[in-house]
Every structure is written in C-alpha cells, then in structure tokens.
Amino acid sequence: MYRILVTRELPGNYVNEIKNKIDANILFYDNKINVHQWLIDNIEDADGILITLNEKIDKEIIDKARKLKVISTYSVGYDHIDVDYAKSKNVTVTNTPEVLTDATADLIFGIMITVSRRIIEGNEIIKNNQWESQWNPYYMLGSEIHGKTIGIIGMGRIGNAIAKRANGFDMKIIYYSKHRHDVNIDYVDLNYLLKNSDFVVIALDLNNETYHFMDYGKIKLMKNNSYLINGTRGKIINENDLIRALNEKIIEGAALDVFENEPLSHDNPLIKMKNVVLTPHLGSATLETRSKMAEVAVKNLLNVLNGNEPLYKL
Ligand code: GLV
C-alpha cells in the first residue's frame, strides 16, 4: 500500500479518487503543527507527497524520506523545492504548467489595466461615498493601454500568453529573455526594453539567476511614466528598491500579484501607495484553473507511482 501525504485540500474530487486508482493510505495535513515539521514527522514512509507552493521542500525533508518517489507540486513554480537535491535522491519532481497559463496571463493583464486606468481608486471613491464632483474633463486621468509599448521580460508560456492579450489591445510588443524564442515578437536587449516600455511586465520564473533581477539600477532605466507589473514571483523584484523608486517617482506606478514575503506585511509601504495595485497571489485563482491543476497534480503523482511518465516533470 502506498503512503501519500497531502498538505492542502484541493478543488475537485481528484485527491479522493486516488484511492479508487491505487491502493493508498492518504494522510492530510491537519494544521496542528507547522507544515514543515509535519512533513518531517511523516515523510519517512511516504511514497509520494502532494504539496503547494507554501511548503518548502528542503534537504532536511528529503533526507528524512526513505521511500519517496514523487514530489508533486500543485503549482507551476518550483522555487520552494530543492529540485536538484530531490533528483539526486531519485525523487521525481512534477508541476502543473499550461493549465494555469491563461488564467495567470488574464490576471496580470487585468492588474495592468487596473493600475493604469485607476480602476481601484475609482471604485474606492464611490464606495467611500466620495464621488462628489460632476463629470469633469480632467477628473482621474490615467494612461492608455492600446497603442502603448509593453516590454515582456521572459517569454515562456505566461509571457507568450500576455503577448497574445497585448496583441488584442493593439499594443506594441517587445520582449527580452536570456534566450531568443521562436515567436513573432521583437526581441530586444534589456536596456532597450526598460528604456522604451510603457509597461514592463515580469514573466520570469524564480531561480538563482532571477532573484532580485529587477533592482534599483534597472528600475531607474524605466520611463518615468511607465509601470512595473509582476505576477510570477515576488523575489524577482527587489521590493525595497521598488519602494524607493516609487517614492522617488522614478516610475508612475506598479501592479503586483506576488511579493517577496507572502502574505504581505501590514506595514509594507506599498499598501499606502495609490499608484500601486496589489492582489494576493491570485494568478491561477479561478475554480476552473485550480480544478485543472488538481487533476494534473494528481495524475503526475499517480503516473510516477505507477511507473509511468508524469504529465510534467522537472
Ligand atoms: C503560482 O504561483 C504557481 O506557481 O502555480
């Protein structure tokens, strides 16, 4: 009988159905102790674990596992897992790309429009009963989206999906990434992108090379009426540098779905900035997408346990 650890309830019935497909004993995290400790305490005999991006799977956990065959993460990102170490111990690591690409690109595009057209500010004015003036030619002017230049940093699946949306909005699209991709979009060098984009959109994954990729020096190259948008991983931007740049009005604003530390601390200066739109890591947060992610994460897990190739592996 397989022993499987599951750290969160997931949408859909996929996790429950595991038992109909293999002989398995599934242990759910019960919130009684912190999840890292719970994994350490229970992983020794586990064959597979189904985790989310909240769970840091480090050497300590992997070393405790004696039978582990698969770490299935319910996320596209895998910066929370020591993938190289897991692989060195013959543990397969799987993730859930593709099914969340469109939902994430929608959200990133959404927060980009929201910050530039001041949608949250407008909403707050009405909800706080502060809409007192009549329609006025100069009232709450924002920046247009169509016709503007969007500079996408990273051209993986999510970057590509953002470009598709930008195309529909008649934007001029440029991109930079470490390697040129086979896409019909202008590839430019990073300095050009930063200096010429009205919207700089981060579409990178987090790794040692992209940690604090956007720092003060790079933000300083951006136009001062431009916006920085991030919906992949918070640690790609040096948040203190961004706060400094916003305070110094080096850029017009920012829209962020991800942060260096989540949840965002209540005294983070970004919270008080009107020209910054913040959402709590909602990229894949639709019932449809989260259900598809559960289906993929469970299939990945089962495939590895059954000796087959998972749908996606790292
Ligand atoms: C979300 O951030 C993910 O990595 O799936």
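Visitor: In which helix does Ala161 lie, and how do you know that the run deserves the name?

Guide: Ala161 belongs to helix H7, which spans residues 157-168, and the name follows from the rule that helices (H or I, at least four residues) and strands (E, at least two) are DSSP runs, numbered from the N terminus. The model is a predicted one, in which local features need pLDDT of at least 70 and side-chain atom pairs count only at pLDDT 80 or more, whereas totals for chains, interfaces and linings use all residues. Residues are numbered from 1 along each chain as its sequence is written, and side-chain values use heavy atoms, with hydrogens and water left out.

Visitor: Why is Ala161 called buried?

Guide: Its relative accessibility is 5%, and buried means under 20% relative accessible area, with exposed over 50% and partly exposed in between (1.4 Å probe, protein chains only), so Ala161 counts as buried.

Visitor: What does Ala161 touch, and how far is it from Phe109?

Guide: Not counting residues up to four places away in sequence, Ala161 touches Thr101, Asp102 and Ala105, where contact means heavy atoms within 4.5 Å. Ala161 and Phe109 are 52 residues apart in sequence, and their C-alpha atoms are 9.7 Å apart in space.

Visitor: What makes Thr96 buried, and which residues is it in contact with?

Guide: Thr96, found in the loop between strand E5 (92-94) and helix H5 (101-116), has 0% relative accessibility and therefore counts as buried. Once neighbours within four places in sequence are left aside, its contacts are Thr73, Tyr74, Ser75, Val76, Met293, Val296 and Ala297.

Visitor: Which residues are around the ligand, and how do they divide by kind?

Guide: They are Leu53, Ser75, Val76, Gly77, Leu100, Arg233 and His281, each having a heavy atom within 4 Å of the ligand, which is the criterion for being near. The shell divides into three nonpolar, three polar and one charged; in this scheme Ala, Val, Leu, Ile, Met, Phe, Trp, Tyr, Cys and Pro count as nonpolar, Asp, Glu, Lys and Arg as charged, and the others, Gly among them, as polar.

Visitor: Which protein atoms lie 2.8 Å, 2.7 Å and 2.6 Å from ligand oxygen atoms?

Guide: At 2.8 Å from a ligand oxygen there is a backbone N or O atom of Val76, at 2.7 Å an N or O atom in the side chain of Arg233, and at 2.6 Å a polar side-chain atom of His281. The ligand on its own has 190 Å² of accessible area, of which the protein covers 90%, by the Shrake-Rupley method with a 1.4 Å probe (for residues, only the protein chains shown count as cover).

Visitor: Why is His281 called partly exposed, and what is its phi?

Guide: With 22% relative accessibility, His281 falls in the partly exposed class. His281 is in the loop between E12 and helix H11 (287-305), and it has a positive phi of about 50° although it is not a glycine.

Visitor: Why does a positive phi deserve a remark?

Guide: Most residues other than glycine have a negative phi, and most peptide bonds are trans. Lys249 also has a positive phi, of about 55°, and with a relative accessible area of 65% it is exposed. As for the peptide bonds, a cis one joins Glu262 and Pro263, with omega of about -5°.

Visitor: What makes the pairing of Asn268 and Glu239 a polar contact?

Guide: Their side chains are joined at 3.1 Å, and a polar contact is a pair of N or O atoms within 3.5 Å (within protein, one must be able to donate a hydrogen and the other to accept it, and residues adjacent in sequence count only if both atoms are side-chain atoms). A polar atom of the Asn268 side chain also lies 2.9 Å from the backbone nitrogen of Leu270, and Asn268 is buried, with a relative accessible area of 10%.

Visitor: How do you know that the radius of gyration of the protein chain agrees with a compact globule?

Guide: For 314 residues a compact globule would have a radius near 20 Å, and the chain has 22 Å, which agrees; the radius is taken over C-alpha atoms, and the rule is 2.2 Å times the number of residues to the power 0.38. The chain contains 11 helices and 12 strands, and buried residues make up 50% of its 314 residues.
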